[in-house]
Amino acid sequence: MKKFINDPNDVVAEALAGIAAAHPGDLRVDTAGQYICRADAPRSGKVALVSGGGSGHEPLHGGFVGPGMLDAACPGEVFTSPVPDQILAATKAVDGGAGVVHVVKNYTGDVMNFQMAAELAADEGVTVETVLVDDDVAVENSTWTAGRRGTGATLLVEKIAGALAEEGGKLAEVAAIGREVNTASGSFAYALTAGTTPAAGRPGFDLPDDEIEVGVGIHGEPGRRREKLRPARDLVRSALDAILEAKPVADGDQVIVLVNGLGGTPLLELYLVYGEVATVLAERGVRIVRRLVGNYVTSLDMAGLSITVTRVTDEMVRLWDAPVRTPGLRWGA
Amino acid sequence: MPDVDVALATAWLRAAADAVTADADLLTRLDSAIGDGDHGANLRRGFTAVVAVLDGSEFAGVGDVFVRAGATLISKVGGASGPLYGSALRAIGKALPPGESADLADLARALRAGLDAVSKLGGAAPGDKTIVDAYGPAVAAFEDAVAGGAALPEAAAGAARAAGDGARATTPLTARKGRASYLGERSAGHQDPGATSTWLLFQALADVTAP
C-alpha cells in the first residue's frame, strides 16, 4: 500500500483538520463532535439538511456542505457509517427551528445509525424527516437483499432538496422533493480495480488484467458478477439498459446525467463515456438537459465509474440550476 | 458464590476484547471476501473503548456493566455491527435483575433478550447469513443446558460450541441481509464475519468460566 497518510488510524481525523484549514469562513469543523457544518449554521427558520456516511467517498458528503446544499455532514470511519452521537450533534448544531432532513444512503449500518440519531433528536424536540437514497439498480430490490444501495443519486438529492430548503421550502416539501428525485433516479457502476482502505492495506479484491467487476457499490465490495473487459460503448449500453429497465424513460422525457468517477479513473475516460451515454440516450429520444462529469461519489482509489440517470421535472431543473457554494459543487454563487 | 456477577461480566467483556483483537485479521479477511473488510478493525476499536470504560467505572449492578458496554459500542463503532452488538448488550443488561448478581436462568433470559434486540433491529431471520445464525443456536444451547441443571461452565461451553457450529454453517448460505446480500449467490462459499465474531464472544464466555 502506498498512500499519503501518517498513521492509518488517524486518516479521517487528519483529513477533517485539513478540510477545516482549507475552507475557513465557509465551513466549521467540530472535531469533538466529528462533523462539518456551514460556518453560518444554524440558519433561523431554514430547514436544515444533514447527511453522512463512511469516509472514502469524497467529495461526498463533506464537500457538499454550504449554501444551496447540505448544512452538515458526518464522516464516519473509512467505509463505516457515522455513529448516532455524531449525527445527533450535527443535527442539533444546524437545526434552525424548521426541522432537519437526514439524507441517508441505503446501507444497513447507515440506516440503523441515522434512525437511532433521529429518535434521540426527537427526544430533544428536533423534528427529523429521513430521505432514503437507493438508486443502484445493480441490486435487486427484494426481500432477498438489504435493498438497493444509495450511490450517485445522493448528489442530485442533496443538490435539489438543498436548493428548495435554501429558498424557504417547508420540511415536508424538502423531504418530498428529495424522495421524488431518488425515485426518478437509477445508477449502475463498473470497477476496473478495487480500492484500498488504509486499515486493510491491500485491495478489497483482485481482478485479472482482462476482467472487470460489474454492478459494484462504493465500498470496495465485489460486484454482482465478473466479466471480460469490453469496449466502453458496449459497457455503456449494458449499464443504460439496466438503468432504463428499472427506471423507464419515455420519448421526450428530460433527464440529468451524472457520469461519476470512483476515484481512480482519468477524466479523459469519463468524458469518453459521457459521449457514449449522450449518443445512446439521443437514439432513444431522451433529452439530457443537464449533466455532470467528474469525481463526486468516490470509492477511495477504485478505478471505475458509475452512470446515474435522473428523470427530472422543470421544477427539479430550476432547483438544480439554483446557486450552490460548496467545496465540491459551486455555481451561480 | 453467585453465578453471574459484576466480576464475571467484566471478565467476559475483557476476554471478548482480547478475542476480537487477536482475531481482528481473521474477521477482516472474512469481511473482505463478502463485505468491505472492516469488521475486525471496527470491533477492535469498539471493544478497546469498552475496556477503557470498564477500567474507569464502578458498577452497582451486573446489568449496568452490559448497558454501559452496549452504549459504548453504539457510540464508537458505527456501521451495522455497532448498533447490533451495542443493542444486544444493552438489552442483556436491561433484562438482568437489578443488583450485584443474577442466576443462570436470569442470564439465559437476558441472552434471549439480546438476540431479540438484534433480530428486531436488523430484521434478520435464521439462515440469512448473519449474527443471528450463531447467536440463535448459542442461546438455545445455553437455555437447554440451564434447564437441564448444568452449571455455568458447562452451559457456556455448550453455547460456544453451538455458536461455532452455527458460524461454520453459514458458509454455503446466500446472504439476504447486510452488505453481503449485494453479492447475491456470490456470497455463498464464505463464512459470515458477523456470525464468526458472535462465536468469538461466546467462546470468550466459555473461556472465562472454564474450571
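This text walks through a helix packing, the salt bridges, a set of paired strands and some unusual backbone geometry in a predicted model.

In chain B, helix α5 spans residues 81-95 and helix α6 spans residues 104-122. Their axes lie 7 Å apart and make an angle of about 145 degrees. The crossing of α5(B) with α6(B) is right-handed. On the α5(B) side, the contact is made by P83(B), L84(B), S87(B), A88(B), A91(B), I92(B) and A95(B). Helix α6(B) contributes A110(B), L111(B), A113(B), G114(B), A117(B), V118(B), L121(B) and G122(B). Sorted by class, this contact consists of 12 nonpolar and three polar residues, with no charged ones.

Salt bridges number 27 over all chains of the structure. One of them links the two chains: R186(B) pairs with E213(A), with 2.9 Å between the closest N and O atoms. Here R186(B) sits in the loop between α8 (152-168) and α9 (193-209) of chain B, while E213(A) belongs to strand β8 (residues 211-214) of chain A. How accessible are the partners R186(B) and E213(A)? R186(B) is partly exposed, at a relative accessible area of 29%. E213(A), at 0%, is buried, because the cut-off for buried is under 20% relative accessible area.

Within chain A, R284(A) and D241(A) form a salt bridge with an N to O distance of 2.7 Å. This pair links distant parts of the chain, its members being 43 residues apart. R284(A) is in the loop between α7 (267-283) and β11 (287-294), and D241(A) is in helix α6 (residues 232-246) of chain A. Both partners are partly exposed: R284(A) has a relative accessible area of 32%, and D241(A) has 39%.

A further salt bridge in chain A joins D40(A) to R43(A), whose closest N and O atoms are 3.4 Å apart. D40(A) is partly exposed at 35% relative accessibility, as is R43(A) at 36%. Both residues belong to one network, joined by salt bridges with shared partners, that also includes R38(A), K46(A), D71(A) and E166(A).

Strand β8(A), which holds E213(A), has antiparallel pairings with β7(A) and β9(A). Two bridges join β8(A) to strand β7 (residues 185-191) of chain A; in this pairing, Y190(A) has V214(A) of β8(A) as its bridge partner. Four bridges join β8(A) to strand β9 (residues 225-228) of chain A. There, E211(A) stands opposite K228(A).

The remaining features concern the backbone. Most residues other than glycine have a negative phi, and most peptide bonds are trans. Which residues does a cis bond join in the loop that holds P59(A)? E58(A) and P59(A) are joined by a cis peptide bond with omega of about 10 degrees, and P59(A) lies in the loop between β3 (48-55) and β4 (72-78) of chain A. Another cis peptide bond, with omega of about -10 degrees, joins L60(A) and H61(A). H61(A) is likewise placed in the loop between β3 and β4 of chain A.

Two residues that are not glycine have a positive phi: L300(A), at about 55 degrees, and K129(B), at about 70 degrees. L300(A) occurs in the loop between β11 and β12 (304-311) of chain A and is partly exposed, with a relative accessible area of 21%. K129(B) occupies the loop between α6 and α7 (132-147) of chain B. K129(B) is buried, at 1% relative accessibility.

Definitions and conventions. Residues are numbered from 1 along each chain as its sequence is written. Chains are lettered from A and ligands numbered from 1 in the order in which they are written. This is a predicted model: local features need pLDDT of at least 70, side-chain atom pairs count only at pLDDT 80 or more; totals for chains, interfaces and linings use all residues. Side-chain values use heavy atoms; hydrogens and water are left out. Axes are lines fitted to C-alpha atoms, for helices over the stretch in contact, and angles run from 0 to 180 degrees between N-to-C directions. A crossing is left-handed if the near helix is turned anticlockwise from the far one by less than a right angle, and right-handed if clockwise. Contact means heavy atoms within 4.5 Å. Ala, Val, Leu, Ile, Met, Phe, Trp, Tyr, Cys and Pro count as nonpolar, Asp, Glu, Lys and Arg as charged, and the others, Gly among them, as polar. A salt bridge is a side-chain nitrogen of Lys or Arg within 4 Å of a carboxyl oxygen of Asp or Glu. Buried means under 20% relative accessible area, exposed over 50%, partly exposed in between (1.4 Å probe, protein chains only). Two strands pair if DSSP finds at least two bridges between them.
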